[in-house]
Structure formats: structure tokens, C-alpha cells
Amino acid sequence: MLYQILAIGTPQIIIVLIVFLFGLLFPLLAIIDIVKNDFEGNNKIVWLLIVIFFSFFGTILYFIMGRKQKLN
């Protein structure tokens with residue numbers, strides 16, 4: 001009944017899930033990965049700031065470039 005009042009359908013649910021994934025889940029996973037691993041110099045702090053302040057693009061940048069900078 002409530003979903004009929006709010007006019008929520010399949011496209012809106014898909015959009016909400018995409019926003020949730022890119023807006024909350026992926027940045028959280030990136031932050032956890034950054035905190036758990038060691039980086040050279042101040043790279044850990046820099047990556048944390050990038051992911052926190054530029055959530056969407058920062059997360060994409062971290063998963064493309066930042067994971068390669070981790071010390072093993």
C-alpha cells in the first residue's frame with residue numbers, strides 16, 4: 001500500500017541500490033582496505049582523505065590506482 005502511494009517501482013529500486021553501492025558501500029570497503037594495509041610514507045592518509053572527500057571518484061581512483069601502492 002505504501003509503495004503505491006510513493007510510486008516506487010522496479011526502476012526506482014534499482015536506482016536506490018546503485019546509489020547505495022556507489023555512495024556508501026564501495027567507499028566503506030575502500031576505507032576498510034586502506035586502514036588494514038600499509039602504504040609507503042603518507043599515502044595512507046592521502047588515500048583516506050581522497051576517498052572521504054571525493055567519495056564516488058575517490059573510491060574509483062583508489063580501486064584503480066591505490067591498491068597497487070600497498071606494501072606487501
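**View 1. The buried residues of helix α4.** Helix α4 runs over residues 55–64, and its buried residues are G58, T59 and Y62. Here, buried means under 20% relative accessible area, exposed over 50%, and partly exposed in between (1.4 Å probe, protein chains only). Helices (H or I, at least four residues) and strands (E, at least two) are DSSP runs, numbered from the N terminus. The buried residues lie on the same side of α4 because they cover an arc of only 100 degrees around the axis, the arc being that of the directions from the helix axis to the C-beta atoms. This is a predicted model, in which local features need pLDDT of at least 70, side-chain atom pairs count only at pLDDT 80 or more, and totals for chains, interfaces and linings use all residues. Residues are numbered from 1 along each chain as its sequence is written, and side-chain values use heavy atoms, leaving out hydrogens and water.

**View 2. Around α4.** Turn to the other side of α4 and you meet F57 and I64, both exposed. The cover over the buried residues of α4 includes α2 (10–36), β1 (38–39), α3 (43–53) and β2 (70–71).

**View 3. I45 in helix α3.** Look for I45 in helix α3; I45 is exposed, with a relative accessible area of 52%. Between I45 and I34 there are 8.8 Å in space, C-alpha to C-alpha, and the two are 11 residues apart in sequence.

**View 4. Placing the close-ups in the chain.** To find your way, count 4 helices and 2 strands, which follow the pattern α-α-β-α-α-β along the sequence. The C-alpha trace spans about 55 × 20 × 15 Å along its principal axes.

Methods: Contact means heavy atoms within 4.5 Å.
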